[in-house]
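Hi,

Here is the structure I promised you. Have a look at it first, and then read on for what I found.

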Amino acid sequence: MSAPIIRSLAELNALTQSWKRAGETIGVVPTMGALHDGHMSLVRAAKASTDRVIVTLFVNPRQFNSPEDFAKYPRTELADAALLGPYQVDALFVPEGGEVYPEGHSTTVSVAGISAPLEGAHRPGHFDGVATVVTILLNMTRADRAFFGEKDWQQLQLVKRLVADLRLPVEIMPCPSVRAEDRLALSSRNQRLSPEARVKAAALPAALFASAEAISQGKDAAETLAEARASLETRGLGPVEYLEICDAETLGLPRPGAPARLLAAVWLDGVRLIDNVAVRLG
Ligand SMILES: Nc1ncnc2c1ncn2[C@@H]1O[C@H](COP(=O)(O)OP(=O)(O)OP(=O)(O)O)[C@@H](O)[C@H]1O
Ligand SMILES: CC(C)(CO)[C@@H](O)C(=O)[O-]
Ligand code: BAL
C-alpha cells in the first residue's frame with residue numbers, strides 16, 4: 001500500500017485537527033521528493049518519536065536560483081508514495097503551488113547572518129525561499145516536531161534559528177547524514193550523475209573526512225584545505241565553490257572552544273554536490 005496522498009490544505013486541516021483533539025503529537029518530514037534512504041531515516045526518526053507523521057513533498061520554486069535546476073529537479077511522486085508505503089506514514093502532503101503561495105502572497109521570511117555565507121553566497125535568494133516555505137509548511141502541518149537532515153547543515157542551522165526567533169511551537173530534530181558505501185551522502189541530485197561521475201564523487205567525502213582528521217591531529221588548516229581543494233580539482237571535481245571551516249551553529253568564523261564544521265560544495269558532471277563533517281580545531 002502506498003502512502004495516502006493529500007493535496008488540499010482543507011483535507012490536511014481535518015486530519016490534524018482530529019489528531020490534536022485526540023492529544024496526539026505530529027511529526028513532519030519536509031522534502032522535495034525523489035525519496036531515498038536519507039529521507040527514510042528522517043521518516044523512521046519521526047515514526048519513533050511522534051504519534052502521527054506527515055511527509056511533505058513540494059518542489060519549492062522560490063528556493064531555486066536557477067530555472068534549469070528547477071526544471072531538471074527529479075519528480076517521482078508515485079514512486080515516492082510507494083516507497084513510503086511500508087513506513088505507514090499518516091499522510092504524504094503534496095500541496096499544489098497555489099496552496100502554498102496563494103494569489104497575493106507577499107511575505108518572505110529572511111534569516112540574517114546564517115543565510116549569507118556558503119550556500120547563501122552561491123545561491124542568491126535560496127535561503128529566503130527555504131525559510132519562507134519551511135515556515136509555511138510548519139504552520140500548515142501544525143507539527144510538534146520537524147525532522148531535518150545534517151546533510152544540509154546550513155539549512156538545518158537556519159531552520160533552528162528561524163524557529164527560535166519566531167517562537168514557533170515546534171522542536172527541530174536533526175538527523176545524521178546517510179551515506180552510500182563509498183561515503184557519498186545520499187542526495188536526490190545524485191541521480192543525475194553519469195556512472196563514471198558517480199564513482200568519482202566519492203572523492204568529496206574522502207577529502208572532507210581526511211582533511212578533518214588531519215586538522216584535528218594538528219595539521220595547519222589553511223594548508224590542509226588548499227591541498228584538498230587541489231586534489232579534488234585534479235580528480236575532476238570542480239570548480240570547488242567553497243571548502244571552508246565555520247562555526248557549526250552560526251556558520252560564521254570558528255570560535256575558540258565552540259564546535260566547528262567543515263563544509264564543501266563542488267561541481268561534478270553538471271551536478272552540484274554538497275557535504276559537511278565535524279572538525280576539531282586545535
Ligand atoms: N543523505 C541524507 N541523510 C540525511 N538526511 C538527508 C539526506 N539527504 C537529504 N536529507 C534530508 O532530507 C530532507 C529533504 O531533502 P531534499 O528533499 O532536498 O533531498 P536531497 O536529497 O537533499 O535533495 P537535493 O540535495 O538533491 O535537493 C532535508 O532535511 C535533507 O537534509
Ligand atoms: C526543507 C525543504 C523541504 C524546503 O523546501 C528543502 O530545502 C529540502 O528538501 O531540504
Ligand atoms: N536539499 C536542499 C534543497 C535544495 O538544494 O534546494
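Below are my notes on the sheet, one helix, two annotated residues, the ligand shell and one more residue.

Before anything else: this is a predicted model, so please read everything below in that light.

Let's start with the sheet. It is an open one of 6 strands, paired in parallel, and the order across it is β1-β4-β3-β2-β5-β6. β1 (5-6) and β6 sit at the edges, each pairing on one side only. The pairing of β5 with β6 is parallel and consists of 5 bridges. If you want one pair to look up, R145 has E171 in β6 as its bridge partner.

Next, helix α8. It covers residues 153-165, which is 13 residues, and spans 18 Å from first C-alpha to last, close to the 18 Å expected at 1.5 Å a residue. Its buried residues are W153, Q154, Q155, Q157, L158, V159, R161 and L162. As a reminder, an α-helix has 3.6 residues a turn, so residues three or four places apart point the same way. What do the buried residues of α8 pack against? Their partners are both helices and strands: α6 (119-122), α7 (126-141), β5 (145-149), β6 (171-175), β8 (260-268) and β9 (271-279). After α8 comes R167, which has a positive phi, near 50°.

Now the two annotated residues. An unreviewed UniProt entry carries a "binding site" annotation that covers Q63 and Q155. They are spread over 93 residues of sequence but cluster in space, with a largest C-alpha distance of 11.5 Å.

Q63 lies in the loop between β3 (52-57) and α3 (67-72). Is Q63 buried or exposed? It counts as buried because 21 other C-beta atoms lie within 10 Å, and the cut-off for buried is 20 or more. Setting aside neighbours within four places in sequence, the contacts of Q63 are H126, G129, V130 and V133.

Q155, on the other hand, is in helix α8. This residue has 22 C-beta neighbours inside 10 Å, so it is buried too. Not counting residues up to four places away in sequence, Q155 touches V130 and F148. So V130 turns up in both contact lists, once with Q63 and once with Q155.

On to ligand 1. How many residues surround it? There are 18, and the closest are G38, G149, L186, S188 and R189. Both α2 (37-49) and β5 supply at least two residues of this shell, and α2 gives the most, with 4 residues. By type, the shell around ligand 1 holds 7 nonpolar, 8 polar and 3 charged residues.

Finally, a look at L273, which is in strand β9. It is buried because 22 other C-beta atoms lie within 10 Å of its own. Leaving out residues up to four places away in sequence, L273 touches A201, L204, V266 and L268. Should you want a distance to check on screen, L273 and S49 are 31 Å apart, C-alpha to C-alpha, with their places 224 residues apart in sequence.

If you open the model with just one thing in mind, try the annotated pair: Q63 in its loop and Q155 in α8, which UniProt's unreviewed entry puts under "binding site".

Cheers

Note on methods:
Residues are numbered from 1 along each chain as its sequence is written. Chains are lettered from A and ligands numbered from 1 in the order in which they are written. This is a predicted model: local features need pLDDT of at least 70, side-chain atom pairs count only at pLDDT 80 or more; totals for chains, interfaces and linings use all residues. The expected span of a helix is 1.5 Å times one less than its number of residues. A residue is buried if 20 or more other C-beta atoms lie within 10 Å of its own, exposed if 12 or fewer, and partly exposed in between; C-beta atoms are placed from the backbone. Two residues are in contact if their C-beta atoms, placed from the backbone, lie within 7 Å. UniProt positions are given in the numbering used here, feature names are shortened, and annotations may be inferred rather than shown by experiment. A residue is near a molecule or strand if its C-beta atom, placed from the backbone, lies within 6 Å of it. Ala, Val, Leu, Ile, Met, Phe, Trp, Tyr, Cys and Pro count as nonpolar, Asp, Glu, Lys and Arg as charged, and the others, Gly among them, as polar. Two strands pair if DSSP finds at least two bridges between them.
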